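The report below describes a two-chain complex, going from confidence and overall make-up to the contact between the chains and then to single residues. Please read it with the structure at hand.

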Amino acid sequence: MTPVQTATMPTGLRLRRLAAEIPTWVMWLIVLLWTMPTFGLFVSSFRKVPDIETSGWWTAWNDLDNLTLQNYRDVFRESAAQPSMWEFALNSIAIVVPATIIPIAVAAFAAYGFAWMEFRGRNWLFIGLVSMIALPNQMAFVPLLQLFNNGARFTVPGLDWTLVLLPDLGIGNTAAAVWLTHTAFGLPLAVLLLHNFIGQLPGDIFEAARIDGASHFTIFWRLVMPLARPALAAFAVFQFLWTWNDYLIASVFLNENEPMTVALVNLVGERGQNFQLRFASAFVIMILPLIVFFSLQRHFVRGLLAGSVKG
Amino acid sequence: MSQFLTMLVSVAGALAVSAVLFVGANRAVDNIGVRWPVFTGSIGGLVGLAAGAVVQHNGWLPRGPALGGPLKEGWIVLLAGGIVGAAVAAAGGWLATPALDRRSRWADSLRPWVFVGPALLFVGGGLVLPGLRTAFLSLKNGSRGREPGFTLDHYKDIFTDDTFFTVEGWSSIFTGRLFIVGLAAAGIAAAAALASSARIVGGSARVAAAGGIFRVLKIASIVLVALVAAAFIESVAREPNRSAIMDVLTVVVSSRVTLGITAAVAVLALTAWVVARARGRELEMDWGSPTASSLVVVACILLVFGALSTLRGVVWNNIWWVVTVAGLSTVLGLLLAVLAERSRGERIGKTLIFMPMAISMVGAAVIWDFMYEVQPMGNQTGLFNAVLQGIGFTPRGFFINASMIPWNNFWIMFIMVWIQTGFAMVVLSAAIRAVPEELTEAAQVDGASEAQVFWRVVIPQIRPTIIVVVTTLIVIVTKVFDLVKATTNGANRTNVLANEMFDQLRDRNFTSSSAFAVVLFALVLPVMVYNIRRLQRELA
């Protein structure tokens, strides 16, 4: 719109044009408020310690020469007080990869079973399984901790007779304990997501395949898995973000080889010292999730919608 | 590095074993029809292995010379059990082979369990059974739950200890400024509900007068709710040297005079409505009026918020969290969904608001800790305090200082709002998109304004989604932990149930930790029941 045109417009129309702009302004104001905190931390992670403590990060652009990568170097340097962040990053990866793959594998079978197989109690089992989404994880911590550390015993009431149901498998305080826990906690949502998707696939294809003599396993492997790839990706993004960002489960089940989130909280605990490490570390932790988020946002949104919008 | 390699090896191993088990189970089911003994044999083998394991681990084996020496090697027992079981079962299957059609029926009914079995096993063993055991442990004596006998002491501790739960001072709810403000807003909103829902149809003078009163009331109520919001913000910010305008506002809004006026207004509105209604039904009522119903909702949220801010104890605090974050995130998310639709740069804006979803709670705590940073002297380095200082207010420690109680909680809650608003926005915005265009177009053709289309067509259409968003948020917020742990660790009355549960677990007080978990569970139980009923309806 050129100024000449605007000038010749009637006032009412011009006002209306202006009013139409209001949503844009309000939204971008909120967007600014929403991004400011992250941006401020990002800028601060490149500033020197005295600068951080004496002036606001918004003044950093006054002297850009003062920005430094030293904080990031410190984060990845091994010191007596704090191991290098690399170590925690490896721990994180060691937790996240299996904790993402295992639930997907288990849930895909189950979702197919619930969606396309007839058996007694199907609906009830499905409802029971999916309703576990709302169960607070805290409800399972104490027993799982005892199970991983000591195995499961059952003392027959009245008799002084103890059965070993599960021996001490020696996975207490290992990444395996965290994988299994994440798998159990992630499965209900995974089954719901995949079930909603797989259930909507056209049944005619499966019918045709059955008539051609394909078994359920063949149908699952050859037809369902390739077709369900978007849903699998959606849940993978979900579970990845969830496990990577998890602090609670890791700190309940691990005393050593902790992931990055635990390391960050330990840094925060020591207020005052390592001030600059906190910012850089927080960013190091965020990098991977943010990359995944921005590149796979489509899948993430699809997962969210499949899990919550339905019905 | 070593744990990394261990991870790769064990994952590969676990996946291989699972694949073999799954394919094997499928094969075994396939073989029911063709080779019955193979099927029974493999089942028997598994049973035998399990039996061997049980025998081994419970030490039921005759030790000493009975078996030619002590059997220490567990795997021999296992293997023996498996082989014996497989052999016996295969022989049995070979001797008694059922008819072919019965075998294929077996196959049909067994196959689903091969598919859903692993998931059921994980969820049953990882959530259901542990959940039941947690409930059981919470009733046991002693901190480890090993001692015999049951007790309700752990629950009694929670509900009698003032730090966890107290209704002492509950009467101060009614004198609390926020509550009075909320009450005033609720009264005004109710009056406005009556006012704006009435449409004048007839033309008599008295009805017109009633209509005039209603219109005045409607405007007055909007003004009052704005005042209420101002007082609310002032309360939450806990400004030590507040401005003169704020002083006047708070006095106006929180005084008993306001309460009186509100009551009078409500009575007036009611009478006007009754009169007009009695005079020949010239008023049409429309209860779904947007201004009124949204005012009522806001007032109710304020009321609950005000009441919860007065109550003390971890349990109340947790409930306060749920109400505030679920309410605020949903309202903000809806607002943004609507705004974004009419804005330029919708995609980028939405992505940026959505971004905090990818950031861990711990990371968010670090980010906001820095935003709220307060320096005792010199330049403020936290953005919020710098802004406050810039416009002439005193900087404050938003959640660090005890002087902020109870509003320090609110500033931590706001971090959660920051994270969850994107979720609400994305889901609600998709729901708004999914509203059939015929509906909105038809309303527009009938002369509905944009606001009317939104409140009377779009909102009813997306109501199920709003409920899903709210329930999802309730579940997420109830178990809030990381944020509190990483910001205040529960100091200055900011503690929540999950944090207390964690601390008890750390101290190895397994039973009282379990009791806290059960209380947490009780809080989300209504949502769980609701979800189950919804799923039932969907699958029916």
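Among contacts in chain B between residues at least 6 apart in sequence, what percentage join residues at least 24 apart? The share is 74%, a value taken, like every other in this report, from a predicted model.

**Confidence**

For the complex as a whole, the predictor reports an ipTM of 0.89 together with a pTM of 0.84. In chain A the mean pLDDT is 83, with 91% of the residues reaching 70 or more, while in chain B the mean is 78 and 72% of the residues reach 70 or more. Within chain A, the element with the lowest mean pLDDT is helix 1 (residues 3-8), at 52, and the element with the highest is helix 12, at 92. In chain B, residues 64-71 have a pLDDT that stays under 50, and the model has six contacts beyond four places in sequence for this stretch. Where pLDDT is low, predicted coordinates should not be read in detail.

**Make-up of chain B**

The secondary structure of chain B consists of 21 helices and two strands, and of its 540 residues 42% are buried. Two pairs of residues give an idea of distances within this chain. G117(B), which belongs to helix 4 (residues 100-137) of chain B, is separated from M416(B) by 299 residues in sequence and by 37 Å in space, C-alpha to C-alpha. R433(B), in helix 16 (residues 407-434) of chain B, is 401 residues from I32(B) along the chain, and the C-alpha atoms of these two residues are 51 Å apart. As for their surroundings, G117(B) counts as partly exposed because 17 other C-beta atoms lie within 10 Å, whereas R433(B) counts as exposed because 11 do.

**The contact between the chains**

Chain A contributes 94 residues to the contact and chain B contributes 93. On the side of chain A that touches chain B, the residues divide by class into 68 nonpolar, 24 polar and two charged.

Helix 21 (residues 510-539) of chain B takes part in two helix pairs, one with helix 6 (residues 122-131) of chain A and one with helix 5 (residues 153-160) of chain B. Two packed helices are described by the angle between their axes and the distance between the axes, and the table gives both for each pair.

| Helix pair | Axes come within | Crossing angle, roughly |
|---|---|---|
| Helix 6 of chain A and helix 21 of chain B | 10 Å | 145° |
| Helix 5 of chain B and helix 21 of chain B | 9 Å | 65° |

The crossing of helix 6 of chain A with helix 21 of chain B is right-handed. On the side of helix 6 of chain A, this contact is made by N123(A), I127(A), V130(A) and S131(A), and on the side of helix 21 of chain B by M528(B), N531(B), I532(B), L535(B), Q536(B) and L539(B). By class, six of these residues are nonpolar, four are polar and none is charged.

Helix 5 of chain B also passes helix 21 of chain B in a right-handed crossing. Here H154(B), Y155(B), D157(B) and I158(B) of helix 5 of chain B meet T511(B), S512(B), A515(B), F516(B) and V519(B) of helix 21 of chain B. The residues of this contact comprise five nonpolar, three polar and one charged.

**The nonpolar core**

The largest nonpolar core has 193 residues, of which V191(A) and L194(A) touch the most other members. Leaving aside residues up to four places away in sequence, V191(A) touches A107(A), A110(A), A111(A), F114(A), L129(A) and V130(A), as well as A119(B) of the other chain.

**Two asparagines with positive phi**

Most residues other than glycine have a negative phi. N257(A), not a glycine, has a positive phi of about 50°, and N489(B), likewise a residue other than glycine, has a positive phi near 55°. N257(A) sits in the loop between helix 12 (248-253) and helix 13 (260-269) of chain A, and N489(B) in the loop between helix 19 (482-487) and helix 20 (497-506) of chain B.

Why does N257(A) count as buried? It has 22 C-beta neighbours inside 10 Å, and a residue is classed as buried if there are 20 or more. N489(B), by contrast, is partly exposed, because 14 other C-beta atoms lie within 10 Å.

Note on methods: Residues are numbered from 1 along each chain as its sequence is written. Chains are lettered from A and ligands numbered from 1 in the order in which they are written. This is a predicted model: local features need pLDDT of at least 70, side-chain atom pairs count only at pLDDT 80 or more; totals for chains, interfaces and linings use all residues. Axes are lines fitted to C-alpha atoms, for helices over the stretch in contact, and angles run from 0 to 180 degrees between N-to-C directions. Helices (H or I, at least four residues) and strands (E, at least two) are DSSP runs, numbered from the N terminus. A crossing is left-handed if the near helix is turned anticlockwise from the far one by less than a right angle, and right-handed if clockwise. Two residues are in contact if their C-beta atoms, placed from the backbone, lie within 7 Å. Ala, Val, Leu, Ile, Met, Phe, Trp, Tyr, Cys and Pro count as nonpolar, Asp, Glu, Lys and Arg as charged, and the others, Gly among them, as polar. pLDDT is the predictor's confidence in each residue, from 0 to 100. A nonpolar core is a set of buried Ala, Val, Leu, Ile, Met, Phe, Trp, Tyr and Cys residues joined through C-beta atoms within 7 Å. A residue is buried if 20 or more other C-beta atoms lie within 10 Å of its own, exposed if 12 or fewer, and partly exposed in between; C-beta atoms are placed from the backbone.
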